[in-house]
Each structure stands twice: as C-alpha cells, then as structure tokens.
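Work through the exercises below with the sequence and the model open beside you, and try each task before you read its solution.

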Amino acid sequence: MIKVLENPFYYLENFHQVLAWISERYDDLLNAEERHFLTVFPSLPQPSRALFVRMVMRKGTVFRASKLVYAEIGSTHEAARPLAELGLIEEDPQLDLDALFDLLQKPEIVKVFQLAPHVRHLRKAEQLEALREEYAGERRFSAWYAHAGDHVYRNLTQELCDRLRLIFFGNYHQDWTDFVLSDLGIHQYEKVEFSPAARGFRSRRDIDDFLAIHQCHERFADGEAVADVLADLPVCAPDNEWLRSRRSKLMFAIAQHVEKQRDWPAAYALYADCDYPGARARAIRVLEKNDQPREAFDLLQSAMQAPESEAERQHLLRMAPRLARKLGHAKPPPVTPAQATRIDLNLPPPEEATYVEFVVRDHLHSDDAPVFYVENSLMNSLFGLLCWDVVFAPIPGAFFHPYHRGPADLHSADFQRRRARQFADALSQLESGEYRATIRANYDAKHGIQSPFMYWEAIDAELLDLALDCIPPLHLKRAFERILLDIKSNRSGFPDLIQFWPAERRYNMIEVKGPGDRLQDNQLRWIEYCAAHQMPISVCYLQWAA
C-alpha cells in the first residue's frame, strides 16, 4: 500500500542521508571543496538547508523567490540569507537577456521593455530575438526589473551537488526521485550488505574519469568536433571494467557518427580501438565500404576463430559470402540453422484494434491448454528468482548505494566470471530438484522488489506454477546458461507466447508474426538455440482472412 509522507522535510533528510553516506565511505576520495561543503552545510538553519535542497532538486540554477514558496520553509528571503553569506547561492545575480526571459512572463516582458504594439503580440521567442541586439551584455535582475517586488537567486553549487549525486549513485540517470519513490513504497530495493571494498569509485581518478567521460558525451551530443571530444576522452584505469565500458560505449557512438560521414579510415581507426560489442563487425564492414575486401576478409576470418558473441557470429556469417565473392573465392557452404516448427493461421480480423499476439493467444487458448503472452518476462523472471542471491551478492564494485535495481557491473564482460561459483551452485538446483522451492520462496519473499530480471506485473502464481510443472529443468538450465553468456543481448528475443498442457506436463513457445512482419536477429538466435537443444518452439505466421 502506498503511504503518504508525513514529514514535510523528507527531501532534506534524504539529502543528509546522501551526505552522510559519502562522508562515511568516500572521505578519502573527496577534494577540498566537497569536504568543506559536507562540513558546513549541516550547521545551517533548517529552513536554509531545506530551501537549498529545493533549489538543487529543481531544473536550472536561477530562481525567483516567488517560485520558491514552501509552507515548511516560511520566508524564502530569510531562509536564503545564510546561504548567500556562505557563498552557496548568489542574490540578485548578473543575467543576460536569455536568462532574464527564462524568468519573466510575457506581461512582465511587455512592461519591462515597454514593447511597441507590433512586438508585444509576438511569441516570447520572437520577442527575445527582436530585443537581443539592443540589450547585449549582463545586468543584475534588479537593474533589469527595478519594480519586480521579487528576489532572484542563483545556485552557485549545482555542479558540486551533481558531483556528490554522482559519487553516491555511480551514474547520472538516477536522481532524488529515487528516494521519494522508495519512501512512498512505489519502488522497493533489495537490501545488500555493503562492505568497505564495495565502492563504485575506488580512487579520485575514477571520479574524475567518470566526469570527463560524461562531459565528452554531452559535448558530442551538442555537435562539437569529434577530434576535440576524443582529445579529452580519458583512458580509464584498466581494473575498472564498468568505467571502461562507459568509455567504449561513447567511442562506439562516435565511430558510428564518423561512419555516417563516410570517413572510412577514421571510422575504422575508432572501431579498431574500441572493445564495445559490435565494434569489430563494424570495422569489417567499414573496410569493405572502403574497397578493402582483402583486409576485411582477413579480419573476418580472425573474428570467426573466436566470436565475441552469437550476435557477432550471426553478422560475420552474413558478410562472409559477400566478401568471398568479391575476392573470387569459392562460395562457402551454407549454414543451415536448426528450424522451429511452423504454424500458419488464417483468421478473420478482429472487430477492434488489438495486437496480433493477442489474437493468436485467444485463438489457441483452451482450458486444457492455456496460452499466455509472456515474451521476455517469464524466462527472465524464473532466472531472476532462482539466482536472486547471486545477482544481489555483495561483490566489490557491484553495489554502492541502497537504491540499486541491479548490480552496477551487470553488463560487464566479467559479470558471470566474478560469480561463477555462485551461479554454478544456483543452477545445480535444477539437477537436484531444489529449484522449485527456491523459486517459489523468492517469489513470495521478494515480491515487488526491483530486479533487472523481474517482471512482477506479468508473473502471477498461476503462471509460475504452470511453468514449474510443464517446463523441464534441463530446458530451464539451457535458457539460463544462454542468458548468462550475454546478459545485455540475451535477455530479449524470447517468443511472444507460451502454451502449457498441464495434464501432459509439456509446453510450447510461440513467436507470432503478423502480415509483412519478419523475425528479428535476436529472435532468430533464440529460435536456433532452442531448436538445437530440443526445446519446443514454433513460429506462427498469421494472415487475415478476406
């Protein structure tokens, strides 16, 4: 049940929790500015601290006092005074015309600038352009708008607070709303034991490298010259896999951009220097585009000796015949993958718009053989329930705050290797028969807790019981082993439907394709894998009856 927050200063308590956590775990990594803030902030009056956090949580850095009215704080101007004295905020800051327009409403703009009739009816953006040349430079808010009857403040420490948020969360996509959603009971998180070694940042270099990578990403997104961005992209510590992964992801995006510009040599150099999944296959393709089929074929042959993943192998097999033909080689023998059973249906179109998967589900469903729409939810959830303790094991560097949906290194190349013994123990339950009790116990005990593998809204007790009764443990083991081979890629691509025959303790997975639809690459890989391991799988092709 969702609760109502009774403490009006809940956001301030959450902010203090972050500061205490950072002070306790990262004090040796903080710079002088960060350490000073952690020391002086708690000494401020409560209304001042609350007002500051309200500013930090809002978008931007410049605010009008009239927009910062909170009952628990009282007088905004009085609360702001100690913040200004400490230099955390600036009162009546210098503003250029763009910043001023962000603060003013259209009637105020008309009043401040005494706009002529032909300008006052323009849109706000057009008014800004009309005034820009005449009002260049900066002025204090009080000079722009002397009779506003309002105060304006600029938060001078937003960058510092964003840095502290980064140190706490280990990323920029989580923010203060995670605390609120947890406090309200909307999101629940697994409680993980945090050892001193389980720090996401192990040195100041890690923090600085993360910040530099993030800044490079922002500059690239803003269209800055690729050469300038790459010049500032740091070389991360070799023992920090998750930071190196972030750097590689940005390099891959930059290489794709350069490839689209048809700068083949530069694109190849970037791909060749990048270990992000898919980079090697793109390097081969760029060599081919640059009329270097011999070099492309040689790199392909080398890659085929040790493909980085099933996805890469799939791409290589598609490129091989074309490159061989360009070099005058004999056509390689075709690779015939294991095939799924084919189902062809010709059904009348539904009276109301709906998904083709639901049409097929309802057509095949019967009391004796129920059909469920599950897609990626069922197998991932069964895996997540069986391996819950492994996924949330307190491995160093995996968890470093209480609001993790999953381990920070989930997509790292060594995720499975670092937990190999624990995963082997968990999967051994599929041979001993203990898996049923473990899955059911975790379903009851962990229900609703965030996990990268769980689809709580899609898995109910009926579906869980049918799956455990009808899917052989060997098939579960095969599916789980493939998930672990490449978590990022193999958590998706599962068939849309699953049908159970409880009396016969069997099942069938069904991928549905409507008119004109085709199988995607990740679906093809799962189909081939399941068919090769005698796991029942079908592809249903639906056509609408005339």
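The exercises that follow concern a predicted model, and each solution goes step by step.

**Exercise 1. Cysteines**

Task: Find how many disulfides the structure holds, and decide whether C161 and C236 count as buried or exposed.

Solution: Begin with the count, which is zero disulfides for the structure. Next take C236, which is in no disulfide, since the nearest cysteine sulfur, that of C216, is 10 Å away, whereas a disulfide needs two cysteine sulfur atoms within 2.5 Å. Then turn to accessibility, for which the cut-off for buried is under 20% relative accessible area. C161 has 2% relative accessibility and therefore counts as buried, and C236, at 6%, counts as buried too.

**Exercise 2. The second largest pocket**

Task: Describe the second largest pocket by its volume, by the elements that supply its lining and by the classes of its lining residues.

Solution: The volume of the second largest pocket is about 890 Å³. Its lining is made of 36 residues, and those closest to the centre are R313, L317, V335, P337 and E528. Now go from residues to elements: at least two lining residues come from each of α17 (293–305), α18 (310–326), α27 (521–532) and β10 (537–544). The element that gives the most is α18, with eight residues. Finally, sort the lining by class, which yields 22 nonpolar, six polar and eight charged residues.

**Exercise 3. Helix α27 and its surroundings**

Task: Check whether the span of α27 agrees with its number of residues, and then find which of its residues are buried and what covers them.

Solution: First, α27 has twelve residues, which at 1.5 Å a residue should span 16 Å. The expected span is 1.5 Å times one less than the number of residues, so the first step is to take one from the count. The C-alpha atoms at the ends of α27 are 16 Å apart, and this agrees with the expected value. Second, the buried residues in α27 are Q523, R525, W526, I527, Y529, C530 and A531. Third, the elements that cover these buried residues include α18, α25 (473–485), α26 (487–490), β9 (506–513) and β10. Just after the helix, Q534 takes a positive phi of about 55 degrees.

A residue of α18 helps to show how these two helices meet. Q314 is found in α18 and is buried, because its relative accessible area is 13%. Leaving out residues up to four places away in sequence, Q314 touches D521, L524 and R525. Q314 and D521 are 207 residues apart along the chain, yet their C-alpha atoms are separated by 8.1 Å.

**Exercise 4. The largest cavity**

Task: Find how many cavities of 30 Å³ or more the whole structure has, and say which residues line the largest cavity.

Solution: A search of the whole structure finds two cavities of 30 Å³ or more, and the largest cavity has a volume of about 50 Å³. The residues that line this largest cavity are V374, E375, L378, M379, F494, P495, L497, I498 and M509. Two or more of these residues come from each of α20 (377–386) and β8 (497–501). Sorted by class, the lining of the largest cavity has eight nonpolar residues, no polar residue and one charged residue.

**Exercise 5. Residues in loops**

Task: For R262, E375 and Y455, find in which loop each one lies and whether each is buried, partly exposed or exposed.

Solution: Start with R262, which is in the loop between α14 (241–260) and α15 (264–272). With a relative accessible area of 61%, R262 is exposed, because the cut-off for exposed is over 50%. Then take E375, a residue of the largest cavity's lining, which lies in the loop between β7 (371–373) and α20 and is partly exposed, at 32%. Look also at the backbone, where most residues other than glycine have a negative phi. By contrast, phi is positive in R262, at about 65 degrees, and in E375, near 45 degrees.

Last comes Y455, placed in the loop between α23 (435–445) and α24 (461–470), with a relative accessible area of 28%, so Y455 is partly exposed. Apart from neighbours within four places in sequence, Y455 is in contact with N376, S377, N380 and S381.

Technical notes
Residues numbered from 1 in each chain as written. Predicted model: local features only at pLDDT ≥ 70, side-chain atom pairs only at ≥ 80, totals over all residues. Heavy atoms only, no water. Buried < 20%, exposed > 50% of the residue type's maximum accessible area, 1.4 Å probe, protein only. 1 Å grid on protein atoms, 1.4 Å probe; cavity = no way out; pocket = protein on both sides within 12 Å on 5 of 7 lines; lining within 4 Å. Points joined across faces, edges and corners; volume = space filled by probe spheres on them. Helix = DSSP H or I, 4+ residues; strand = E, 2+ residues; numbered from the N terminus. Nonpolar A, V, L, I, M, F, W, Y, C, P; charged D, E, K, R; others polar. Contact = heavy atoms within 4.5 Å.
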